[in-house]
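Reader: Hello! I am new to this structure and would love a close look at one part of it. Could you pick up at a single residue and walk me outward from there?

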Amino acid sequence: SKRSQSRAVAGAWQSACPRAPSSRRGRRACARGPPDMPGGGVVEVRKSAESSTWYNATVVDVGKDTINVEFEGEVWPPREVPIGQVRLRPPTPAAAASGAAATEEDDFDPQVDDVVEVNVAATEASPSGWSRGTVKKIKNRVFYFVACEGHMRTTQDVIVEKDSLRRVNASLAIDPAALFRKIIPVERGLHAWIRSQDSAGCLDDVAARTNLLAASITTGRLDAKGTPKVLLIGDEEGVLLGEKLLIEIHFRNQIWMQGFHDYRERFLEKIKEYETQWGTWHKEVFTVDTSFVGRIIGSKGANIAKLRQEFGVDITLEEDESTWETHITVAGEDENAIKQARDKMEYVTTRIQVDPDQVGWIVGKGYQNLQEIQAKAELIYARFDDKTSSIELCGLRAQVEDAKLMVAVHRDYLSVYQDMSDERKSMLKQFEELDKKGGGKGKKGKDRSGRGGADEDDW
């Protein structure tokens, strides 16, 4: 079966290739992206110079006559492969569309008897790869019957669709002598990150953008000893550019991101702490006009700081710009302390409508009554609006309530004073009638209107 053939190939490969020393066992090659991704150290290797099946791998390092590679998913252990058995992967149409050089694969149209390469899927025993074969038959211009060569040969043709075929890879073997190799140190604060899977994407980006053969970590495991470093392999220009991208872009941004991550973790812990604390606390929420916020906070926060300390409460303010109101939340363990703190901050403005014939009585001459109410209730202000015939009171809610009560009581006394005035007028009228009967004069020659004679208080 195809599965047993794959296992046989895997066994032959593992016996033919010596194990390469590697300290990157903790990092999987599959983290570098899909097998058909150009760049990023993706190469193809075969188990012998005669083999027609090439397996996808990634470059770990290069030696004088060998290249160290590892395989996706670590299905095979890392290997040290002779240079003649390693070749670059050809660019794919997808890579060309994303900005790489155009390839002939765009107009690839295999015909009967054409020699092609067939995609070999990864199994539990072997990585993915490509095997050479010949197109024997095409059905409905969709299905291709291919006779594979070498280890992949079977008694029956392999049936695949076009996207599982490609031209025979004509890439030359990699020449280590033409490669430039550089090791980049990693700052201490980035050691954990560079050893994690998160760094794989950054290394892939550097390798792909600068056409490097490899961008790998010298010590990849989290528990590995020694200082991790990044190895760049490629042509000299690409390596130098890759170094700049790595240090100036990725490392610099990762340091900033690490700082932000640490801050975020501390912030989330604080939020969790507050949520736990607030879950057992009492709290009250009320709204004030935003114009009062400055008065509530005070100069340099003096007023609100004093309230927090005096009542042992937590106070937060949240402005709603759409309504020009500010929501204030007071929270703490003592419900009574919360209420007292609220009383010190809840500023309100209210209007009391006044009948025109009551204005003089309530407001007083020269607004004297209104000024007395403002002073006694300790309001911010108390003023009369002629246009609406109303009194406007502004201050803390408790103060405004006191002032409203004063106005109401004062208004109630108006009827009493009016009754007294009516009774006085009636009495005066009676005296006037008695005066007329007695000659119109009192004992001292004045009438009873009060313009002379005895004082009214004597009557």
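Author: Happy to. Let us begin at W324, which is partly exposed because its relative accessible area is 49%, and a residue counts as exposed only over 50%. Please keep in mind that this is a predicted model. W324 sits in the loop between β15 (314-320) and β16. Its backbone deserves a look too: W324 has a positive phi of about 60°, although it is not a glycine.

From that loop we can step along to β16, which spans residues 325-332. This strand is one of the elements that the buried residues of helix α8 pack against; the others are β14 (282-289) and α7 (302-311). Which residues of α8 are buried? They are A337, I338 and A341, in a helix that runs over residues 335-343. These buried residues lie on the same side of α8, because they cover an arc of only 105° around the axis. The N-terminal end of α8 has a cap, provided by D334. A side-chain oxygen of D334 lies 2.9 Å from the backbone nitrogen of N336.

A little further on comes strand β17, residues 347-353, which holds I352. I352 is buried, since its relative accessible area is 12% and buried means under 20%. What does I352 touch, leaving aside residues up to four places away in sequence? Its partners are S389, S390, I391, L393, K404, V407 and R411. Take L393 as an example: it is 41 residues from I352 along the chain, and the two C-alpha atoms are separated by 8.1 Å.

W324 can also be set beside another tryptophan. W256 is found in helix α5, residues 236-280, and counts as exposed because its relative accessibility is 59%. W256 helps to make a nonpolar surface patch of about 740 Å², together with M257, F260, Y263, F267, L268 and I271.

The positive phi of W324 has company elsewhere. E74 has a positive phi of about 55° and is not a glycine either. You will find E74 in the loop between β3 (66-70) and β4 (79-82), where E74 counts as partly exposed at 25% relative accessibility. N211 also takes a positive phi of about 55°, and it comes just after helix α4. That helix covers residues 198-210, and its buried residues are S199, A200, C202, L203, D204, V206, A207 and T210.

For one more partly exposed residue, turn to E161 in strand β9, residues 158-161. E161 has a relative accessible area of 43%. Beyond residues up to four places away in sequence, E161 touches V142, F143 and Y144. The C-alpha atoms of E161 and V142 are separated by 5.8 Å, with their positions 19 residues apart along the chain.

Finally, here is the wider setting for these close-ups. The protein has 11 helices and 19 strands, and buried residues make up 39% of its 459 residues. Among contacts between residues at least 6 apart in sequence, 63% join residues at least 24 apart. The protein exposes about 26900 Å², and carbon and sulfur atoms supply 50% of that area.

Methods. Residues are numbered from 1 along each chain as its sequence is written. This is a predicted model: local features need pLDDT of at least 70, side-chain atom pairs count only at pLDDT 80 or more; totals for chains, interfaces and linings use all residues. Side-chain values use heavy atoms; hydrogens and water are left out. Patches are made of residues with over 30% relative accessible area and no salt bridge: like charges are joined within 9 Å, nonpolar side chains (Val, Leu, Ile, Met, Phe, Trp, Tyr) within 5 Å. Accessible areas come from the Shrake-Rupley method with a 1.4 Å probe; for residues, only the protein chains shown count as cover. A salt bridge is a side-chain nitrogen of Lys or Arg within 4 Å of a carboxyl oxygen of Asp or Glu. Helices (H or I, at least four residues) and strands (E, at least two) are DSSP runs, numbered from the N terminus. Buried means under 20% relative accessible area, exposed over 50%, partly exposed in between (1.4 Å probe, protein chains only). The arc is that of the directions from the helix axis to the C-beta atoms. Contact means heavy atoms within 4.5 Å. A polar contact is a pair of N or O atoms within 3.5 Å; within protein, one must be able to donate a hydrogen and the other to accept it, and residues adjacent in sequence count only if both atoms are side-chain atoms.
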